[in-house]
Amino acid sequence: MQYTLGLATMDNSAAALFADGVLVAAVEQERLSRIKNDGAFPHLAIAEVLSIAGITLADLDRIAVYWQPWRIGGRIAGTLGKMRRNPATARAIAQRAGAMFLRRGGAAEAGGDEVRGSWTDLMRLRRVLERIHGPTRAAITHVDHHLSHQLYAEAMRDWDDCVSLSYDGGGEVDSTVLTVRRGGAREVLSRHRWPNSLGHFYSTFTGYLGFRMLEGEYKMMGLAPYGRPRFRDAILREVLVLEPGGRYRLDTSVCDYHAALKGQFSDRLSALFGPRRAPDAPPTEAQIDLATSVQAAHEAALMHVLEPARAAHPELRRLVISGGCALNVTANGRLLEAGLFDEIIIPPAPHDAGCAIGAALAVLPAPVDKAAVRSPYLGREFGPAEIARAVADACPAPPPPLPEHDLIARTAGMLAEGRLIAWFQGRAEFGPRALGARSFLADPRRDAIRDEMNDKIKKRELFRPFAPSATAEAAPAFFDLGQDSPYMNIVARVRDDRIPAVTHVDGTARVHTVRAGAHARYHALISAFGAATGVPVVLNTSFNIQEPIVYSPAEAFATFAASGVDALVIGDHLVTRDDLAARKDTHVSEH
C-alpha cells in the first residue's frame, strides 16, 4: 500500500492522507489547536491523520503541498507596485514581511501559537516536517495553488465537460483562474493576476465595516440583506473596475488589503462611503448599505468574470467553483437564480484547507475513490467505548446507550417541543460547515428560537442567519433550488412560510440537503422530525461558541456545559442538562 500526504500550510492549514487512492482522513489544524482559522504549519493535523491511519511519516511515499514557492516573483512584482503607489501599504507590507521572514519554519511546533505559516516553510519542507515527525524518504511535489483548488472541487462530480472557476485572495501569481474542461482535458480561458483580487476586495471591506478580516466575511454577507446597494456603482467605478473580456481591476490605492490588515484605510473610502465602523459598534444605515453594495459589486464581478466561458462555450451548463470566495453562498445562489448555469457544485472545503486534498489528487495515480473524496466526514471516528468513557466522566449517573429507533424518536420529540439539542455523531466534518456531525439543532418553525440561539448560545450578532438542513427528498417543497446542496454552499429562496427561524430577512436560506447515503443517522432524525411535525427541516448551526467546531467528545461536553442547550446527543447516548447538574451538585456536597 502506498501513502500520500497532502498539505495546506498557511491560511486555514490542513493535512489529508490517502492510502492508495482512498482518502483516509483530512483534518484542519484549527480543530486540534482550537485557534479559529489557524494558519500555522499543520503539525497537529499531520500527526492526527497519520495516527488515524496507524502509520508514521517514514511510511509515506509521496507528499504534495499546495503551493509552488519558486514562483514568488509574481507576488513580489505586484507587491512592489502597491508599495510605490501607497506609503501606508509600504509600511504595512514591510512589517508583515519582517515578521514572516524572521519567524523560523514551524514556529508553532506542536501548534500552540497563533501564527501564520510561512513561505519559508515551503522552501525547506522536508526539514520542517522531519524536525517534528521523524525521517521520511517520501517524494515531495509542490502543486500549483489554483490547480489544487480545482482538482478537489472537480472531484465532487463525474463531469467531463464543465466550467471550473477558482478565485480567492491569491495564489502564487493569480487570484482568479477560469478553466473549461472538455472530455477531461483542461483549457485555461483567463487568469487574473494578483493584486487584482476579489478575495482581497471583499476582505478589505470586511475590515472597514468593523469585522475581523479573514474571519468576519460571512458576517458582512449576513448583514448585506438588510440594506440597499446604493454604493454599488461607486464601488464599480472607483474601486473594483470591470473591464472588457471578463477582466477586472482592483484599485489598490483605494482598497488595499495589506494596509487594511493593520487597520489602515484610504481616506478615499471614507469620502465615498462614510466613516468606517468601529468593532462592536452598532452599524449605521450607511454602513449596512455599504455591506449590501459590496456584496452586489462582488456578484456583478463574478458574473462578469464568467462571461468569457459563457460566450465561448454556451453549451457548458455545469459550473464548479473553488477557492475561498466560493464560500460566498449568496453569490453562488445568485448565479443559479440568474440561469447562467443549470447546476453548480462547491466542495465542503473550498477554501485553502481543501487544497490539502487537491494537492494529493494532483500526484495520485489512478484510480481514486471519488466517494471518499466527496464525503465531508473525514476526521477521527470516536467509537462507542470512547464516547461511553466521556459520558461517564461528565455524568455521575451516566445515561445508558439507547437503541437507534429510541434515540432518534426521543431527539425528534425534544426538538418538536422546542428544546435545543447538541448533536455529535460520527466523524467530524472537514471544512467550515456543520453538516450533521457536529451541530446545534432546533425547531425551524419557532421564530423566537433564532434570537435565543444567537443571544444565549452562539454569543453572536442578532442579524446573523441560521441554516436549514432538509432531507433531499423534501427540499424542493421548501426551497427554490433545482439541485442538491450537500455541503451548505448555496443560498436559495424559501418557498414555505413554516420555517421562519431559518429564513433570512430577504426570504432566502443557506440550504443543506441531506441524503441517507451521506449521513444515515442525521437523515433519520430529520425524517422523524418531519413525521412528527410535517416539516422535514431542522435548524442547523455549528457546534461551537466563539471557537472552532468541536472535534472530540471531551470538547463536546465542555461546550455543551457552557451553552444553554437542553441536551447532548453523542453517539448512542442522550445526555440532558440535569445529568450535568447532578455532577455539579455532587461536587458541591463534597466540599
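1. Let's start with one pair of residues: Gly-6 has Ala-16 in strand 2 as its bridge partner. The two strands here, strand 1 (residues 3–8) and strand 2 (residues 14–19), run antiparallel and are joined by 6 bridges. Strands and helices are DSSP runs numbered from the N terminus (E, at least two residues, for strands; H or I, at least four, for helices), and two strands pair if DSSP finds at least two bridges between them. A quick word on the basis: this is a predicted model, where local features need pLDDT of at least 70 and side-chain atom pairs count only at pLDDT 80 or more, while totals for chains, interfaces and linings use all residues. Residues are numbered from 1 along each chain as its sequence is written, and side-chain values use heavy atoms, leaving out hydrogens and water.

2. Now zoom out to the sheet. Its 5 strands come in the order 3-2-1-4-5, and this open sheet has mixed pairing. Strand 3 (22–28) and strand 5 (139–142) sit at the edges, each pairing on one side only. On average, neighbouring strands are turned by 15 degrees against each other, direction ignored. Axes are lines fitted to C-alpha atoms (for helices, over the stretch in contact), and angles between N-to-C directions run from 0 to 180 degrees.

3. What lies across strand 1, strand 2 and strand 3? Helix 2 (residues 43–53) does, at about 145 degrees to strand 3. Helix 15 (residues 355–363) lies across strand 1, strand 2, strand 3, strand 4 (62–65) and strand 5, at about 35 degrees to strand 2.

4. There's another open sheet to look at, with 5 strands in the order 8-7-6-11-12 and mixed pairing. Its edge strands, each pairing on one side only, are strand 8 (185–193) and strand 12 (343–345). Strand 6 (residues 162–167) pairs with strand 11 (residues 318–322) in the parallel sense over 4 bridges, and Leu-165 stands opposite Ile-321 of strand 11. Helix 13 (residues 285–312) packs on this sheet, touching strand 6, strand 7 (174–182), strand 8 and strand 11 (contact means heavy atoms within 4.5 Å). The direction of helix 13 makes about 135 degrees with that of strand 6.

5. Next, a helix pair. Helix 18 (residues 404–416) and helix 21 (residues 520–533) have axes that come within 9 Å and cross at roughly 55 degrees. That makes the two helices oblique to each other (under 35 degrees counts as roughly parallel, over 145 as roughly antiparallel, 65 to 115 as roughly perpendicular, and the rest as oblique). Residues in the contact include Leu-407 and Leu-415 of helix 18 and Leu-525 and Phe-529 of helix 21.

6. Strand 13 (residues 421–424) is worth a look too. Ile-421 and Trp-423 point one way, Ala-422 and Phe-424 the other way, and all are buried (buried means under 20% relative accessible area, exposed over 50%, partly exposed in between, with a 1.4 Å probe and protein chains only). Strand 13 runs antiparallel to strand 14 (residues 438–442), with 4 bridges, and pairs in the parallel sense with strand 20 (residues 567–570), also over 4 bridges.

7. Finally, some backbone oddities. Most residues other than glycine have a negative phi, and most peptide bonds are trans. The bond from Trp-194 to Pro-195, however, is cis, with omega near 15 degrees. Asp-20 is not a glycine, yet has a positive phi of about 55 degrees; Asp-20 lies in the loop between strand 2 and strand 3 and is partly exposed at 37% relative accessible area.
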